[in-house]
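User: I'm in my first year and still learning to read protein structures. Could you take a close look at a single part of this one with me and explain how it fits in with what surrounds it?

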Amino acid sequence: MMFAVEEINRNSTLLPGVKLGYRILDSCASSYWAQQVALSLVGGDAPSCNLTPSTPRSAALLIGPASSTSTIVVSRVLGPLSVPLISYMASCPCLSDRLNFPNVFRTIPSDIYQARAMARMAIRFHWTWIGAVIVNKDYGHLAIQAFQEETRGKGVCFEFIETVLKETIVSDASRVALTIQASTARVILVFCWYTEIKEVFLELAKINVTDRQFLASEAWSTSDDILQALDISKVASGVVGVAIRSSTIPGFENYLRSLHPMRHPDDKLLWEFWEKEFGCSLGATQSHAASLFPAKGSSQKGSLPLCSGTESLEAVKNPFTDVSQLRVAYNVYLAVYAAAHALHSLLSCPDRESSSGNNSSTCSSPKHIKPKELLQHLNKLNFTTPQGDMFYFQGADIPAKYDLVNWQETPEGSLKLVLIGRVDGFDLHLNESAIQWSTGSNQVPVSVCTESCPPGTRKANRKGGPLCCFDCIQCAEGEISNQTDSLHCERCPSEFWSNAKQTACIPRQLDFLSFNETLGITLTTVALSGAAVTTAVFVLFLCYRQTPVVRANNSELSFLLLLSLKLCFLCSLVFIGRPSVWSCRFQQAAFGISFVLCVSCLLVKTVVVLAVFRSARPGAGALMKWFGPGQQRGSVCLFTSIQIIICVTWLSLSPPVPQRDLGFQGSTVTLECAMASVVGFSLVLGYIGLLACTCLLLAFLARKLPDNFNEAKLITFSMLIFCAVWVAFVPAYITSPGKYTVAVEIFAILASSYGLLLCMFAPKCFIILFRPEKNTKKHLMAR
């Protein structure tokens, strides 16, 4: 402050013709004494220095107090007098309230801004699981409240918030250390004074907790007392903190090093510092020094050699002479300049001598400065500092500016302070590569309750737990999440399906019964085997076509039946493969016509058996002329023609078409032949069923006719199998999903074809091949 006053007094443009004076009183860090000295300064009862007897002794403006509590007390006392206060350390957010504290200004930002800066760091580094240690006073509680407001909705949670107090710091430090040791949070937020956190660090060092990352408030982030303590360096290493912004003051170092007690005989601090630093007594002024330090007496002086007079601060290395990072000192410097510019504005009149009474409220005389008018000019203050920065008050506050610092280890084992960034209002400028974290590396520490849910999963909050603690649930099939920490899984569109990791929707693959898959190969093999067996039987019957077994019941119908069975086996192959427009039409027509041809042959055979035995009765000889070979062929053609007409009509009006079946949710889309007309398909099946049931009924009636080789028995068994297969087919066909619908129909075709083939021709082949003695007319006609 003294340096700034002298610098302003030498300035010819700032307050020209006016010299600033000052009075410095010690509040002894007590609100009571702060109130007393403030009243004495305003009342003009305090001793002064650097003032002439004619100078007014009452102060129009106070710089200080340092603490928020003292500032609140002094403001309430001096508020009715409108005496401005410019504090350089009072950072309580409450002082921003202009209604309650209209006369308070400060050159340090409100604690709200440092709490917000620390919150933005937590959000930036994705620290969602944090512990907090705060002083059990307004400083700690208001700061943690501001931190929580800034991180609300950003997924940051507190595992614990512990409080400490200077009066009970021993027990508090032990309790806090044990809480930190037991916690899973790796980042600890600290809003307290350096004396309290130092005790906590000592306790953590005792239990060897060195893997926590501490976030420091400006109250202790630049504390030399902790930085130089080797016994806690392992615990405090890597601290990242918000610090009061630093700046340089040109000429200040030279000013400090040029100080000498002889030129400042009333400066008690300088006298005491000089004798302690150089270990000598200021001999010529010993009596004066004794009067300044009466409590110390002459015993100390007598034990010290006299100072030579050549002592100088030029080469002294001491924290008091270190001006590399001026923080609080720069705030004081700004406060003095703010006061000077407000005075300059108040005292500046275009023509002071001719000023009328109307201007007396805005222009004052240096001998009659009204605090209320000075207060008005402070509210409108706007100037450029000697460092080139714009300075103005926003209410009680200045724009928030901070340094971001990092505590890094030195080869000697102590810690050093490294500047890693700045805070300018709401902007955070941070050099992440320059940070040395508590782990000793450049890797950002991870502090989360639960690791982030990867894509393909969703977050599910734990019942009764904090929002930061959750479980990761895998998305269901057909659903995806392509972001980290997704709250919901999204369902894929109908023609898409989720990939294996549930992170993306991919087109569903076309699925149909193909010749390359196991099921297709199996059905193809069975169908070709059936066709081959049918061909073998056909050849066998052709070779033995003159034998009684082959000729019985019309060998021509037997050959036609074998041909139709072969078509039945082969038509099943049309159902395998990728459905197309023509394959969808052809497969149902081939199936319907082949089976009608087959059942028609059996029906005519059954009718012929009944007619033969009926013609053997007296008077019924003319019956067989209605069932001769020509009539049998005609009947088969008639029955088959009806099915052909049904198929042609159906396929002309509403044929089956290839279609993608999206109903079955899976990674595949079934390509199938969709029945555009269920009526047409029902008529085809119904007609086959009608013929089969008629044939079964007639064969059942003819099963006990007296021939030794009654073919009606074979037809009965074959029709029973045929009807059973197709009765079971209907529910199986309806309930089968996807391509298995086609497989069920092929299975029904093959099963019924094999049933007809075996039941009708196996006994005859057995006789032809292994019982040739029974292949005679006499044996077949025997009762």
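Analyst: Happy to help; here is a walk around one strand, with a short look at other parts for contrast.

Please keep in mind that this is a predicted model. For orientation, the chain has 24 helices and 22 strands, and 48% of its 783 residues count as buried. Among contacts with a separation of 6 or more, 68% are between residues 24 or more positions apart.

Let's settle on strand 4, which covers residues 129-135. Are its residues buried or exposed? Seven of the seven are buried, so strand 4 is largely enclosed by the rest of the structure. To see how that works, it helps to think about faces. In a regular strand, side chains alternate between the two faces of the sheet. Here, one side of strand 4 carries Trp129, Gly131, Val133 and Val135, while the other carries Ile130, Ala132 and Ile134. Every one of these residues is buried, so both faces are covered.

Next, who are the neighbours? Strand 4 runs parallel to strand 5 (residues 157-164), and seven bridges join the two. As one example, isoleucine 130 has phenylalanine 158 of strand 5 as its bridge partner. The path between these strands includes a helix: strand 4, helix 5 (residues 138-151) and strand 5 form a right-handed β-α-β unit. Strand 4 also runs parallel to strand 6 (residues 187-191), this time with five bridges. There, valine 133 stands opposite valine 190.

For contrast, try leucine 487, in the loop between strand 16 (479-480) and strand 17 (490-491). Its relative accessibility is 54%, so leucine 487 counts as exposed. Leaving aside residues up to four places away in sequence, leucine 487 touches Arg458 and Lys459.

Finally, here is how helices can meet. Two packed helices are described by the angle between their axes and the distance between the axes. For helix 20 (residues 629-653) and helix 21 (residues 678-701), the angle is about 170° and the axes are 9 Å apart. That angle makes helix 20 roughly antiparallel to helix 21. Their contact has 11 nonpolar, two polar and no charged residues. Among those taking part are Phe639 and Trp650 from helix 20, along with Phe681 and Tyr687 from helix 21.

Back to where we began: strand 4 has bridges to strand 5 and to strand 6, and its residues are buried on both faces.

Technical notes: Residues numbered from 1 in each chain as written. Predicted model: local features only at pLDDT ≥ 70, side-chain atom pairs only at ≥ 80, totals over all residues. Heavy atoms only, no water. Buried < 20%, exposed > 50% of the residue type's maximum accessible area, 1.4 Å probe, protein only. Helix = DSSP H or I, 4+ residues; strand = E, 2+ residues; numbered from the N terminus. Pairing = 2+ DSSP bridges. Right-handed = clockwise from strand over helix to strand, strands pointing away. Axes fitted to C-alpha atoms, helices over the stretch in contact; angles between N-to-C directions. Parallel < 35°, antiparallel > 145°, perpendicular 65-115°, else oblique. Contact = heavy atoms within 4.5 Å. Nonpolar A, V, L, I, M, F, W, Y, C, P; charged D, E, K, R; others polar.
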